[in-house]
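Work through the exercises below with the model open beside you. Each task is followed by a stepwise solution.

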Amino acid sequence: MKTKKLQLSLTTQIFLALVLAIIVGVCLTKTPEIAADYIAPFGKIFLNLIKWIVCPLVFFSIMSGVISLQDIKKIGSIGGKTLFYYLCTTAFAVAIGLFFANSFKGIFPILATTNLSYDATASVSFMENIVNIFPKNFIAPFADANMLQVIVSSLFIGFAIIGVGNSAKRVVDAINIVNDIFVMGMEMILKLSPIGVFCLLCPVVAKNGPAIIGSLAMVLFVAYICYIVHAVLVYSLSVKVFAGINPITFFKGMMPAILFAFSSASSVGTLPLSMECTEKLGAKKEISSFILPLGATINMDGTAIYQGVCSVFIASCFGIDLTLSQMITIVLTATLASIGTAGVPGAGMVMLAMVLQSVGLPVEGIAIVAGVDRLFDMGRTTVNITGDAACCMVINAMEARKERRKV
């Protein structure tokens, strides 16, 4: 009689890996160099594999989706709705961050602000951001992992193939086959997710474990309250009202991507898993392959919350009370700054520098939170990818209703 092997779901495997990483990380807090030297490299290898496959996967999946839609006007309609959704939820996110940060401001620690230094990355103007969206050669977007340029490249070629018509049938077949190959490659890499999660998270816990209960614990606590409130309120309402999906079903379906995002702190790295999860929840492949890569690049709800909380905290450290006009400026700046910010670990620091400069706060204040930025980053990345998925399900449902009305 054959015994049936116990098969754990990917969600369970990732969760167990996450728990094990925390336990081992805590055990290695006195010798974090062991985790950094012997465990972290395997996490980097896994993340490198994810990053390696993301660009061609996005390029061919978007192209395949555009070709299958066969209507440039429809693509424009989906893109417009997606951008509007992203901008609205990002603005809500900053507002939530500012509200809770001001509510808890009295219990924030007052830290010394002397001898602080932080070299802010030179800010890029709005028009420069627009110019940088368009690639100057075919290879550069892939070499630089510039997701916006990859998306633009795939859209242009997809539109051209639609314009050529039936004579491009063999090219269409080839693109679909290549897309299937990269999807299969993605699935092979994702089977290593539990190992990747363990190797990515363990060194972080080993290095920052004591910092969790340190002087910045309250700021981290407030940020995570905002992350949870935004996800539970905004995303639950979105998927329930506009997509007709039970929020519990949505979060349960997205759990593999959520756990991976939390441990890797990379929106782009989580992209293949997010695409798989949303498609299992019922999103059409052509919708998810367009909206999710775009969201991983320009939708930064979690990062926007981080801007609000850290702006209030840094201002309080310098003895500055933010005015209403300054808070409105923070909302607008953080919302617009999210466009073009790469979905990679640490991108929030660049945005925070821009936000602080917009309201005249000392950029040097970033040095106060820089030491535990990774702990902020894990939460904000989780919110970012969940927001992308919520948008995907909402737009998918709206397009489905639109199609039914045509019949």
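**Exercise 1. The surroundings of M254**

Task: List the contacts that M254 makes beyond its neighbours within four places in sequence. Then place M254 in the nonpolar core.

Solution.
1. The model is predicted.
2. Leave aside neighbours within four places in sequence. M254 is then in contact with S274, C277, T278, L281, I385 and A389.
3. Now look at the largest nonpolar core. It has 130 residues. M254 is among the members that touch the most other members, together with F250, I291, F313 and F376.
4. Helix α2 supplies the largest share of this core, with 16 residues.

**Exercise 2. The turn from α10 to α11**

Task: Find the residue with a positive phi that is not a glycine. Say where this residue sits and whether it is buried or exposed.

Solution.
1. The residue is A265, with a phi of about 55°.
2. A265 belongs to the loop between α10 (247-264) and α11.
3. Its relative accessibility is 1%. Buried means under 20%, so A265 counts as buried.
4. Move on to T270, in helix α11 (residues 267-280). T270 is buried as well, because its relative accessible area is 0%.
5. Which residues does T270 contact, leaving aside its neighbours within four places in sequence? They are A257, F260, A261, S264 and I385.
6. I385 thus appears in two lists: it is in contact with M254 and with T270.

**Exercise 3. Two annotated spans**

Task: Take the UniProt "transmembrane region" entries. Check the geometry of residues 82-101 and of residues 249-271.

Solution.
1. The unreviewed UniProt entry lists residues 45-70, 82-101, 147-168, 189-206, 212-237, 249-271 and 304-324.
2. Residues 82-101 are 100% helix and 0% strand. The end C-alpha atoms of this span lie 28 Å apart.
3. Residues 249-271 are 91% helix and 0% strand. Here the end C-alpha atoms lie 20 Å apart.
4. A265 sits in the loop between α10 (247-264) and α11. Helix α11 covers residues 267-280.

**Exercise 4. Salt bridges**

Task: The structure holds five salt bridges. Work out the sequence separation and exposure for three of them, starting with D321 and K105.

Solution.
1. Side chains of opposite charge can pair when their charged atoms come close.
2. D321 and K105 form a salt bridge at 3.2 Å, N to O. The two residues are 216 residues apart and link distant parts of the chain.
3. D321 is in the loop between α13 (301-317) and α14 (324-337). K105 is in the loop between α3 (72-103) and α4 (126-132).
4. D321 has a relative accessible area of 58%, so it is exposed. K105 has 26%, so it is partly exposed.
5. D173 pairs with K169, with the closest N and O atoms 3.3 Å apart. Both lie in helix α7 (residues 169-190), four residues apart, about one turn of the helix.
6. D173 is partly exposed, because its relative accessible area is 34%. K169 counts as exposed, because its relative accessibility is 54%.
7. K280 and E276 meet at 3.8 Å, N to O. They are four residues apart in helix α11, so about one helical turn separates them.
8. K280 counts as exposed, because its relative accessibility is 68%.

**Exercise 5. The nonpolar surface patch**

Task: Name the residues of the nonpolar patch on the surface. Which helix gives the most to the patch?

Solution.
1. The patch consists of F42, I45, L49, W52, L192 and I195. Together they have about 610 Å² of accessible area.
2. Helix α2 (residues 32-69) gives the most, with four residues.
3. L49 lies in helix α2. Patch residues need over 30% relative accessible area. L49 is partly exposed at 31%.
4. Helix α2 also gives the largest share of the largest nonpolar core.

**Exercise 6. The whole chain**

Task: Describe the chain by its helices, burial, contacts and exposed area.

Solution.
1. Count the elements: 17 helices and zero strands.
2. Of the 407 residues, 52% are buried.
3. Take contacts between residues at least 6 apart in sequence. Of these, 85% join residues at least 24 apart.
4. The chain exposes about 18,700 Å². Carbon and sulfur atoms supply 68% of this area.

Note on methods. Residues are numbered from 1 along each chain as its sequence is written. This is a predicted model: local features need pLDDT of at least 70, side-chain atom pairs count only at pLDDT 80 or more; totals for chains, interfaces and linings use all residues. Side-chain values use heavy atoms; hydrogens and water are left out. Patches are made of residues with over 30% relative accessible area and no salt bridge: like charges are joined within 9 Å, nonpolar side chains (Val, Leu, Ile, Met, Phe, Trp, Tyr) within 5 Å. Accessible areas come from the Shrake-Rupley method with a 1.4 Å probe; for residues, only the protein chains shown count as cover. A salt bridge is a side-chain nitrogen of Lys or Arg within 4 Å of a carboxyl oxygen of Asp or Glu. Buried means under 20% relative accessible area, exposed over 50%, partly exposed in between (1.4 Å probe, protein chains only). A nonpolar core is a set of buried Ala, Val, Leu, Ile, Met, Phe, Trp, Tyr and Cys residues joined through side-chain atoms within 4.5 Å. Contact means heavy atoms within 4.5 Å. UniProt positions are given in the numbering used here, feature names are shortened, and annotations may be inferred rather than shown by experiment.
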